[in-house]
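I am opening a notebook on a structure that is new to me. The entries follow the order in which I looked things up.

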Amino acid sequence: MNLNAFISKAATPVNFITSWEAPSNIALIKYWGKEDIQIPKNPSLSFTLSSSVTKTSVNFKPSNSENFDFDFFFEGILRPDFNPKLVTFFKNIEYYIPWINGYKLIIKSNNSFPHSSGIASSASAMAALSLCLMDLENYLFPKMSEAFFYQKASFLARLGSGSASRSIQGPVTIWGENKTLKNSSNLFAISFGDGLNKIFKSYQDTILLVDKEAKSVSSSKGHDLMHNNPFAENRFIQASNNLDSLLSVMKSGDLESFIKIVELEALTLHAMMMTSNPYFILIKPNTLEIIQRIWSFRTSQKLPICFTLDAGANIHLLYPSDYKRRICAFIDHELKPFCQNGQYLMDQVGEGARKL
Ligand code: DP6
């Protein structure tokens with residue numbers, strides 16, 4: 001897709017208020033490594049979540065100055081400490097939304113999941129904010145198609161945080177060029193489309209909160225370290241191949257293959273961290289304890305349960321909804337003791353963002 005298609009025109013500022021809810025997502029094929037600016041080194045695929053969401057409202061106020069300004073409130077409190085990340089985001093997208101100049105934005109954001117739970121909120125937050133921006137762009141230039149609305153929302157969100165591009169639509173999205181998907185792009189995420197096996201539309205994700213502290217190494221730093229990782233080039237090839245395999249598995253519903261690919265991706269992500277220079281480890285002893293217990297339970301009970309990890313110590317436990325009752329009992333008896341304060345969050349695959 002041509003980058004120029006995403007450049008909007010300038011317009012006279014109007015007073016406008018909008019609110020959107022955008023979900024978090026969990027990658028099954030991991031994005032780890034990128035080029036300027038926010039172009040992934042390999043394609044990634046994720047489940048869009050349902051309950052873990054950010055709600056954002058934006059009041060666009062025409063201001064007297066030619067410049068653009070904003071105030072950001074998180075959970076009701078003015079939070080200037082978020083400004084640097086937002087300033088970078090607005091700098092990245094200003095070229096594509098020139099109408100933004102001449103506004104003062106009042107941005108108010110809330111997360112459904114507990115703050116400092118170790119769950120990254122940048123994906124859902126950047127997605128919700130991008131949708132608010134697109135809502136005004138749609139009002140200013142009403143001829144926009146629905147497809148373009150969501151595509152550009154994903155495009156803008158990507159420029160805030162790569163994984164945010166996958167938090168616009170559901171239930172499964174793919175970001176990054178891939179030879180089997182003609183409309184795939186490095187610039188925005190696309191929905192899996194037709195043919196997704198029914199079993200994945202209600203897949204469960206129980207997030208086991210092993211460590212709720214802020215990560216010792218940020219995702220940005222981790223991506224950056226891939227530039228010098230000696231295994232990086234093979235990793236990018238492996239991710240593309242894993243995506244090809246997973247795409248057909250997600251049509252067939254072959255859970256044995258699903259489990260193999262998903263766990264391999266999770267462990268390879270962390271292997272990349274351990275082989276970076278400087279190396280680092282984000283998983284904790286309890287992460288490994290839980291993984292061992294999942295494997296034993298899977299073997300003894302013959303249930304299709306597996307795990308994935310994001311850039312942290314928490315475990316995402318993935319399983320079909322049909323086994324929810326039995327797996328919840330397993331979580332309570334065997335896994336909960338290894339979660340910080342016994343905490344976990346129940347979530348499942350969702351349909352994507354919505355206007356409030
Ligand atoms: C491990 O999207 O948080 O969760 O683009 O620098 O904001 P930035 O990185 P981010 O990286 C996500 C990494 C991951 C894997 C994934 O979600 O694909």
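Before the entries, one term: helices here are DSSP runs of H or I with at least four residues, numbered from the N terminus. By that rule I place Glu256 in helix α6. I also note at the start that this is a predicted model.

**Entry 1: Glu256**

I looked up whether Glu256 is buried or exposed. Glu256 has a relative accessibility of 57%, and exposed means over 50%, so Glu256 counts as exposed. I then took the distance from Glu256 to Glu35, two residues that stand 221 residues apart along the chain. Their C-alpha atoms are separated by 34 Å.

**Entry 2: the ligand**

Which residues are closest to the ligand? I found Tyr31, Lys34, Ser161, Gly162 and Ser163, out of 15 residues that surround the ligand. I went through three of these for polar atoms. In Tyr31, a polar side-chain atom lies 2.6 Å from an oxygen atom of the ligand. For Ser161, I read 2.7 Å between an N or O atom of the side chain and a ligand oxygen. Ser163 also places a polar side-chain atom 2.7 Å from an oxygen atom of the ligand. On its own the ligand has 460 Å² of accessible area, and the protein covers 92% of that.

I next sorted the shell around the ligand by residue type. The shell holds five nonpolar, seven polar and three charged residues. I also asked which element gives the largest share of the shell. That element is helix α4, residues 219–225, which supplies three residues. By domain, the shell takes at least three residues from domain 1 (3–196) and at least three from domain 2 (202–348).

**Entry 3: strand β12**

I turned to strand β12, residues 315–319, and checked how much of the strand is covered. Five of its five residues are buried. On one side I list Ile315, Leu317 and Tyr319, and on the other His316 and Leu318; both faces of β12 are covered.

I then looked up the strands that pair with β12. Strand β10 (residues 204–208) pairs with β12 in the antiparallel sense over five bridges. One bridge I traced has Ile207 as the partner of His316 in β12. Strand β11 (residues 306–309) also runs antiparallel to β12, and four bridges join the two. There I found Cys306 opposite Leu318 of β12. β11 and β12 form a hairpin, with five residues between the strands.

**Entry 4: strands β1 and β4**

How many of the 14 residues of strand β1 (residues 16–29) are buried? I count twelve, so to the word of the record β1 is mostly covered. β1 pairs with β4 in the antiparallel sense over twelve bridges. Phe16 has Phe60 in β4 as its bridge partner. β1 is also joined to strand β14 (residues 354–355), antiparallel, by two bridges. In that pairing I see Glu21 opposite Arg354 of β14.

In β4 (residues 44–62) I looked up Thr54. Its relative accessible area is 0%; buried means under 20%, so Thr54 is buried. The side chain of Thr54 makes a polar contact of 2.8 Å with the side chain of Asn111.

**Entry 5: cis peptide bonds**

I looked for cis peptide bonds and noted the following. Asp36 and Ile37 are joined by a cis peptide bond with omega of about -20°. Ile37 sits in the loop between β2 (34–35) and β3 (39–40). Asn277 and Pro278 are joined by a cis peptide bond too, with omega of about 5°. I find Pro278 in the loop between α6 (255–274) and α7 (285–301).

**Entry 6: positive phi**

Last, I noted residues other than glycine with a positive phi. Glu75 has phi near 50° and lies in the loop between β5 (69–74) and β6 (77–78). With a relative accessibility of 36%, Glu75 is partly exposed. Lys302 has a positive phi of about 55° and is placed in the loop between α7 and β11. The relative accessible area of Lys302 is 69%, over the 50% cut-off, so I enter Lys302 as exposed.

Technical notes. Residues are numbered from 1 along each chain as its sequence is written. This is a predicted model: local features need pLDDT of at least 70, side-chain atom pairs count only at pLDDT 80 or more; totals for chains, interfaces and linings use all residues. Side-chain values use heavy atoms; hydrogens and water are left out. A residue is near a molecule or strand if one of its heavy atoms lies within 4 Å of it. A polar contact is a pair of N or O atoms within 3.5 Å; within protein, one must be able to donate a hydrogen and the other to accept it, and residues adjacent in sequence count only if both atoms are side-chain atoms. Accessible areas come from the Shrake-Rupley method with a 1.4 Å probe; for residues, only the protein chains shown count as cover. Ala, Val, Leu, Ile, Met, Phe, Trp, Tyr, Cys and Pro count as nonpolar, Asp, Glu, Lys and Arg as charged, and the others, Gly among them, as polar. Domain bounds come from an automatic or database domain assignment. Buried means under 20% relative accessible area, exposed over 50%, partly exposed in between (1.4 Å probe, protein chains only). Two strands pair if DSSP finds at least two bridges between them.
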